[in-house]
Amino acid sequence: GDFYQHATTEASQATLASVSPVFAVMKLDKEGNTTYFEKKKTELYQELGLQARDLRFQHPVSIATRNNRIIMRMEFLKAVITPEFLLILDYRNLNLEHWLFNELASQLAGEGQLVTYSLPFEFRAIEAILQYRISKLQGRLNTLQPQILETLEALVDPKLLSVDRSKLHILLQNGKSLSELETDLKVFKETILEILDEEELIEELCLSKWTDPQVFEESTSGIDHAEEMELLLENYYRQAEDLANEARELRVLIDDSESIIFINLDSHRNVMMRLNLQLTMGTFSLSLFGLIGVAFGMNLESSLEEDPKIFWLVTGIMFLGSGLIWRRLLSFLGRHLEPPLPPHVPAVLKKSQPAATRTEIKNNLKAETFGLSRSTLTNQ
């Protein structure tokens with residue numbers, strides 16, 4: 001029985017080892033030397049002194065420390081940072097080949113534009129990954145911004161009597177992409193902010209401070225690596241905040257443009273309704289005086305049908321009467337559709353007029369960006 005239990009245990013362990021996921025690993029050291037290999041998850045976390053759950057990468061964006069190791073994930077990029085080297089896990093099929101093979105190694109070796117080159121290796125690795133993430137978010141915003149502005153400028157044109165459905169479809173797709181970008185920026189900022197709010201987490205990110213006694217002595221003598229790490233994270237948090245503000249401005253422009261589109265459609269709809277009402281009143285006027293012609297067409301004998309001039313007289317009376325009634329109805333319609341007079345402004349409120357004027361000018365300039373001013377909307 002003991003032999004059978006021992007054999008069963010070995011078989012189960014062999015089965016678990018066979019189904020363990022395999023990572024395609026890219027290893028970069030301080031000099032930028034790169035090596036590639038494949039290793040099972042069980043072997044990898046044992047060599048790094050981690051737990052299996054540490055390499056699970058549950059969140060799409062995360063920065064955590066375990067056993068003097070920094071575990072980072074930025075969407076598809078999964079990395080483990082140690083004081084001596086950087087591991088990129090599952091680097092294949094991530095569309096990161098240009099950055100991984102042409103830029104990352106040179107940045108870690110000090111040939112790039114990293115401001116943390118004089119600091120320990122983990123600073124350079126963190127900055128390179130954060131810089132890549134911010135550049136990708138910036139690129140997405142730079143792609144969306146001209147497309148959204150061009151689409152909005154075409155949609156808010158007051159000369160158009162109808163809205164182009166293809167432009168609306170493009171605006172809908174760009175709006176969804178903008179929402180995804182805003183969500184990614186929000187998650188990125190929240191991840192960094194969680195670390196900035198905890199001094200212990202910032203201290204844990206400084207790996208060399210605890211592994212190299214010389215670095216620890218230098219930090220206690222005046223060079224505080226924790227402050228350097230905090231400044232590094234704050235820098236990229238500020239860049240993400242600037243991108244979020246630009247994305248928020250685009251969202252506001254989309255909302256304002258939707259209001260302008262609705263105003264244009266309401267204006268054209270009102271014009272069509274007014275024209276329809278005028279034609280209806282004209283038809284009513286002609287029908288009213290057309291009763292005279294109906295009366296003369298009843299084949300009733302009278303002395304009027306013998307007069308050759310009576311036809312033109314009756315016809316003139318009909319058209320003249322119809323025109324007078326139509327004119328009267330139009331004046332009645334215009335009198336009731338005129339906008340009300342503006343309310344009287346008390347003397348106390350006149351002091352705030354310059355501020356209101358500046359606000360109106362700002363709104364006009366904002367509307368003119370899309371080829372439509374507030375005065376045009378007021379006239380319509």
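Residues 226-260 are 100% helix and 0% strand, with helices being DSSP runs of H or I at least four residues long and strands runs of E at least two long, both numbered from the N terminus. The C-alpha atoms at the two ends lie 51 Å apart. An unreviewed UniProt entry lists this stretch as "coiled-coil region". Such annotations may be inferred rather than shown by experiment.

This is a predicted model, where local features need pLDDT of at least 70, side-chain atom pairs count only at pLDDT 80 or more, and totals for chains, interfaces and linings use all residues. Residues are numbered from 1 along each chain as its sequence is written, and side-chain values use heavy atoms, without hydrogens and water.

The protein has 12 helices and six strands. Of its 380 residues, 34% are buried, meaning under 20% relative accessible area with a 1.4 Å probe and protein chains only; exposed means over 50%, and partly exposed lies in between.

Turn now to helix H2, residues 41-48. Lys-41, Leu-44, Tyr-45 and Leu-48 are buried there. They share one side of H2, because they cover an arc of only 90 degrees around the axis, taken from the directions from the helix axis to the C-beta atoms. An α-helix has 3.6 residues a turn, so residues three or four places apart point the same way. Gln-46 and Glu-47 are exposed on the other side of H2.

What do the buried residues of H2 pack against? Their partners are strands S1 (22-29), S2 (34-40), S4 (69-74), S5 (77-81) and S6 (85-89). Just after H2, Gly-49 adopts a positive phi of about 70 degrees.

Notes
Contact = heavy atoms within 4.5 Å.
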